[in-house]
Every structure is written in C-alpha cells, then in structure tokens.
Amino acid sequence: MTYAEVFSMIKEKFMAADTSDIKEHLAYQFNITGEGSGIFYAEVKDGVLSVEPYEYYDRDAMFTCSAETLLNISDGKMDPIMAFTLQKLKVEGN
C-alpha cells in the first residue's frame, strides 16, 4: 500500500467525524512507519476539521505507528490503549 492510498483512506475516515461542537484548537500529527510511510496532520479549528499531508510543527500531540495499526484503530478493530500498551502506537505531547 502506498502513502497516497493510506492517506486517502484515513482522510476519508477522519472527515466523517462531526467536530462542529469542538471550539478549542486541536492539532495532531501522524507519522506512518513501514509500508505506506509518510506524515499527515489533523487539525480542528473553530469546529472545522482539516486533514492534510504535511508536517505540523505547532501540534498538541504526535502519534507514530504503522499504517496497519492506524487503519485498525480507525476501523475500531484495535483499541488505541492496547496499541499503546503493546508499543504499536507511540504518543508524544499532550
């Protein structure tokens, strides 16, 4: 799977989220490792979600994992706490 395919799948899943009631600014960077590796960020600003294929330097947190782990978490097939416990997901920041 290529980075473009991974990013497209993840962006589609993220953009389905209702963020209209989030009034604070949130910014998260995702570092994909292994097959389909790359970087993207998700930002919520004034209730509007943006997902873009760039590095975000003023982020609140950074998540690092494989594309498989991220897709499994986003599909509800893997609990993010379990992924963190098993060291399949690394988290830095708030």
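This passage describes the sheet, the helices that lie across it, a buried threonine and a salt bridge in a predicted model.

The strands form an open sheet of 5 members, arranged in the order β3-β2-β1-β4-β5 and joined by mixed pairing. The edges are taken by β3 (48–52) and β5 (89–93), each of which has a single partner strand, so that one side of each is left without a neighbour in the sheet. Between neighbouring strands of this sheet the average turn is 15°, when direction is ignored. In general, the strands of a sheet pair through backbone hydrogen bonds, in either a parallel or an antiparallel manner. The antiparallel sense is found between strand β2, which spans residues 38–45, and β3, where the pairing extends over 5 bridges; within this part of the sheet, V44 stands opposite L49 in β3.

Helices α1 and α2 are considered next in relation to these strands. Helix α1 (3–15) lies across β1, β2 and β3, and its direction makes an angle of about 175° with that of β3. Helix α2, formed by residues 67–74, lies across β1, β2, β4 (61–66) and β5, and runs at about 110° to β4.

The loop between α1 and β1 (26–33) contains T19. With a relative accessibility of 9%, T19 falls under the 20% limit and therefore counts as buried. Not counting residues up to four places away in sequence, T19 touches V44, G47, V48 and L49, and two of these contacts, V44 and L49, are the residues that stand opposite each other where β2 meets β3. A polar atom of the T19 side chain also lies 3.0 Å from the backbone oxygen of G47.

The structure holds 1 salt bridge. This salt bridge is formed by K13 and D75, whose closest N and O atoms are 2.4 Å apart. Because K13 lies in helix α1 whereas D75 lies in the loop between α2 and α3 (80–85), the pair ties together parts that are 62 residues apart in sequence. Both partners are partly exposed, K13 having a relative accessible area of 33% and D75 one of 38%.

Taken together, the loop that follows α1 places the buried T19 in contact with V44, G47, V48 and L49, while K13, in helix α1 itself, is tied to D75 in the loop between α2 and α3.

Technical notes. Residues numbered from 1 in each chain as written. Predicted model: local features only at pLDDT ≥ 70, side-chain atom pairs only at ≥ 80, totals over all residues. Heavy atoms only, no water. Helix = DSSP H or I, 4+ residues; strand = E, 2+ residues; numbered from the N terminus. Buried < 20%, exposed > 50% of the residue type's maximum accessible area, 1.4 Å probe, protein only. Polar contact = N/O pair within 3.5 Å; in protein donor to acceptor, adjacent residues only side chain to side chain. Contact = heavy atoms within 4.5 Å. Pairing = 2+ DSSP bridges. Axes fitted to C-alpha atoms, helices over the stretch in contact; angles between N-to-C directions. Salt bridge = Lys/Arg side-chain N within 4 Å of Asp/Glu carboxyl O.
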